[in-house]
Amino acid sequence: MTVSQVRGAGVQGGHKERYAGTEYGGKTNFLVDKTRLDIVVVRSQVDKVIQTIASTTYTGEIGDGKIFVHPVADVIRVRTGETGAIAERMEGGMSDRTS
C-alpha cells in the first residue's frame, strides 16, 4: 500500500464548490487536497478491500472519491530481477485482462 497526498479536481471541475470551508473553482485555487491510496492485493481480497474502503470513507458529499480496479500484469523485484513470482501468487498476471 502507498499513500500519497495529491491535489486535483473531480466532479466540481471548473465550477465553484465549497470544501472544508474553502471555496474552490474558477480561475484560481481550483485544486482540492486529496489522499490517494495505491493498494495491490490478491484477487480473492479485491471485493473485501473495496467494501472496506468504500464503507469507511463514505460521507455522501462531493469528494468521497473513486475506486479504480486494475489487474496487475506482472511484478518485477528490482533488487533481484525476479519476475512473475509475486504476480503468480496474486492469481493474476496477463490472464486477468481477458477474464
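**Close-up views of a predicted model**

**View 1. A nonpolar surface patch.** Met 1, Val 3, Leu 37 and Ile 39 come together as a nonpolar patch on the surface. Their joint accessible area is about 390 Å². The model is predicted.

**View 2. Ile 39, one of the patch residues.** Ile 39 belongs to the nonpolar patch. Ile 39 sits in the loop that links strand S4 (32–38) to H1. Is Ile 39 buried or partly exposed? Its relative accessible area is 34%. That lies between the 20% and 50% limits, so Ile 39 counts as partly exposed.

**View 3. Gly 84 in its loop.** Gly 84 is found between helix H1 (46–57) and helix H2 (85–89), in the connecting loop. Its relative accessible area is 10%. Buried means under 20%, so Gly 84 is buried.

**View 4. What Gly 84 touches.** Which residues does Gly 84 contact, leaving aside neighbours within four places in sequence? They are Asp 74 and Val 75. For Gly 84 and Asp 74, the C-alpha to C-alpha distance is 5.7 Å. In sequence the pair is 10 residues apart.

**View 5. The chain behind the close-ups.** The chain has four strands and two helices. Their order along the sequence is β-β-β-β-α-α. Of the 99 residues, 12% are buried. The exposed area of the chain is about 7900 Å². Carbon and sulfur atoms contribute 54% of that area. Take the contacts between residues at least 6 apart in sequence: 46% of them join residues at least 24 apart.

Definitions and conventions:
Residues are numbered from 1 along each chain as its sequence is written. This is a predicted model: local features need pLDDT of at least 70, side-chain atom pairs count only at pLDDT 80 or more; totals for chains, interfaces and linings use all residues. Side-chain values use heavy atoms; hydrogens and water are left out. Buried means under 20% relative accessible area, exposed over 50%, partly exposed in between (1.4 Å probe, protein chains only). Contact means heavy atoms within 4.5 Å. Accessible areas come from the Shrake-Rupley method with a 1.4 Å probe; for residues, only the protein chains shown count as cover. Patches are made of residues with over 30% relative accessible area and no salt bridge: like charges are joined within 9 Å, nonpolar side chains (Val, Leu, Ile, Met, Phe, Trp, Tyr) within 5 Å. A salt bridge is a side-chain nitrogen of Lys or Arg within 4 Å of a carboxyl oxygen of Asp or Glu.
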